[in-house]
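User: I'd like to go through this one label by label and hear the reasoning behind each. Can you take my questions in turn?

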Amino acid sequence: MAKPTDAAWMARALQLARRGLYTTHPNPRVGCVLVSHRRLVGEGWHLRAGEPHAEVHALRMAGEAAHRATAYVTLEPCSHHGRTGPCAVALIEAGVERVVVAMQDPNPEVAGRGIAMLREAGIEVEVGLLEEEARKLNVGFVSRMTRRRPFVRLKMAMSLDGRTAMQSGESQWITGPQARGEVQRLRVAASAIMTGVDSIIFDNSRLTVRASQLGLDDADAIAARQPLRVVVDTQLRLPQAAACLREPGRTLVATVPGHEPQRRARLEAAGAEVVVLRAGKDGRVDLAVLMHYLAEQELVNELLLETGATLAGAMLDAGLVDEMQLFVAPTLLGGEARPLFALPGLTRMAQQRPLEILDIRAVGRDWRITARPEHRQD
């Protein structure tokens, strides 16, 4: 039976976990609070992969006060040896009396083992408090562990008449500075940013986090962790002089078999990491295979898709878009401008693609719509 104060302490643990929102990849965001006699004695959060977990930070702060305390943890304490020791063992050795866990770890290496270890040691364990909030915080980690692919968030900017660029490809800038600042936050929260090669050719996109637009106190430190850049390039047309190849961090180019070795070698010499994947029925990069590859390499929890109509439509068709972040500017680009999605074959109303609107809010002069496709393939 949960005590009246449990929800408040778990809310604090979730607040701490959010401090790792931009930095923990590919690890989950986790917070921990230690309470003794209704008094906070220790707290901590996971900051970066390879560094101590939230429980360790909280135990260090609490010291001897951890004995017979209650621990509130947003994710099941780990039970295995990775880059750090098992947190379940640390809690047992500290003499913690009770552990309240928001959600079980979806990682098959843990998946209830940490909870079982605590219970075998005689510690009272309760699971499920504020679980929905905990799952939302780690939606990408959960996706990678349970679906073997990242959580895909599609970001697009459009005019009020649903256009993303002029017919020539010119698109800068549709939205205002506040909306572009929100996009930077989406980028820095993602493990990877993905686009199609045409977007690079038209815009010479850098696909980087720009600290000056983040509006965060520790923006420079956060921006030092640049997300992985992923370019879908079936024909291997990425220019060697592309700006994304000269930026800090990694640029992965996904292509299909059959290209001349010299073309690949030139791109790799320019700084690209070329990965050759199976082609789909249309001869293009199989996008589902690419998503599995990114997950299996333990590279990506959350993927931000910033691209044009063709790749956006293909990802939607493949059931690989989990959420849409649509920025709508109060302007018109006209019927000759480029559409939001290329979805060929839709000829009847019965074929329309319904969306569930989750949120609509003003961002400066623009509007931000958060939506998700209905009947997604999980």
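Analyst: Sure, what follows is a run of questions on a predicted model, each settled by setting a value against its cut-off.

User: Let's start with burial. Why is V197 called buried or exposed, whichever it is?

Analyst: Its relative accessible area is 6%, and buried means under 20%, so V197 goes down as buried. V197 sits in helix α8, residues 197-203.

User: What is V197 in contact with, once its neighbours within four places in sequence are left aside?

Analyst: V231, V232, D233, R237 and L238. The cut-off there is heavy atoms within 4.5 Å. On the distance side, V197 and Q235 are 38 residues apart in sequence, with their C-alpha atoms 9.1 Å apart in space.

User: And V275, how do you know whether that one is buried or exposed?

Analyst: By the same sort of check: V275 has 10% relative accessibility, the limit for buried is under 20%, and so V275 counts as buried. V275 belongs to strand β11, residues 272-276. Not counting residues up to four places away in sequence, V275 touches L252, V253, A254, T255 and Y293. Y293 is 18 residues from V275 along the chain, and their C-alpha atoms are separated by 9.6 Å.

User: On to charges. What makes R147 and D322 a salt bridge?

Analyst: The N to O distance between their side chains is 3.1 Å, and the rule asks for a side-chain nitrogen of Lys or Arg within 4 Å of a carboxyl oxygen of Asp or Glu. The pair therefore qualifies as a salt bridge. R147 lies in the loop between α6 (139-146) and β6 (151-159), while D322 lies in the loop between α12 (309-317) and β13 (323-329), so the pair ties together parts that are 175 residues apart in sequence. Both residues, R147 and D322, are buried.

User: Why does E51 with R48 get the label too?

Analyst: The closest N and O atoms of E51 and R48 are 3.9 Å apart, and the limit is within 4 Å, so the pair is a salt bridge. For exposure, E51 has a relative accessible area of 30% and R48 has 36%. Partly exposed is what falls between under 20% and over 50%, so E51 is partly exposed, and so is R48.

User: How many salt bridges does the structure hold?

Analyst: The structure holds 26 salt bridges. Another of them is R135 with E131, at 4.0 Å between the closest N and O atoms. R135 and E131 are four residues apart in helix α5 (residues 131-137), which means they are separated by about one helical turn.

User: What makes E126 and R98 a polar contact?

Analyst: The distance joining the side chains of E126 and R98 is 3.3 Å, and the cut-off for N or O atoms is within 3.5 Å, so the label of polar contact fits. E126 lies in strand β5, residues 124-127. With 15% relative accessibility, E126 counts as buried, since buried means under 20%.

User: Cysteines next. How do you know whether C87 is in a disulfide?

Analyst: By this rule the count of disulfides is zero. The nearest cysteine sulfur to C87, that of C78, is 3.8 Å away; a disulfide needs the sulfur atoms within 2.5 Å, so C87 is in no disulfide. C87 is buried, at a relative accessible area of 1%.

User: And which residues form the nonpolar patch on the surface?

Analyst: L355, I357, I360 and W367, with about 390 Å² of accessible area together. Strand β15 (residues 355-363) gives the largest share, three residues. L355 is placed in strand β15. Patch residues need over 30% relative accessible area, and L355, at 34%, is partly exposed.

User: Last one, backbone. What stands out about phi in L130 and L207?

Analyst: Phi of L130 is near 55°, a positive value in a residue other than glycine. L207 also has a positive phi, about 55°, and is not a glycine. L130 lies in the loop between β5 and α5, and L207 in the loop between α8 and α9 (219-223). As for burial, L130 is partly exposed at 24%, whereas L207, at 2%, counts as buried.

Note on methods: Residues are numbered from 1 along each chain as its sequence is written. This is a predicted model: local features need pLDDT of at least 70, side-chain atom pairs count only at pLDDT 80 or more; totals for chains, interfaces and linings use all residues. Side-chain values use heavy atoms; hydrogens and water are left out. Helices (H or I, at least four residues) and strands (E, at least two) are DSSP runs, numbered from the N terminus. Buried means under 20% relative accessible area, exposed over 50%, partly exposed in between (1.4 Å probe, protein chains only). Patches are made of residues with over 30% relative accessible area and no salt bridge: like charges are joined within 9 Å, nonpolar side chains (Val, Leu, Ile, Met, Phe, Trp, Tyr) within 5 Å. Accessible areas come from the Shrake-Rupley method with a 1.4 Å probe; for residues, only the protein chains shown count as cover. A polar contact is a pair of N or O atoms within 3.5 Å; within protein, one must be able to donate a hydrogen and the other to accept it, and residues adjacent in sequence count only if both atoms are side-chain atoms.
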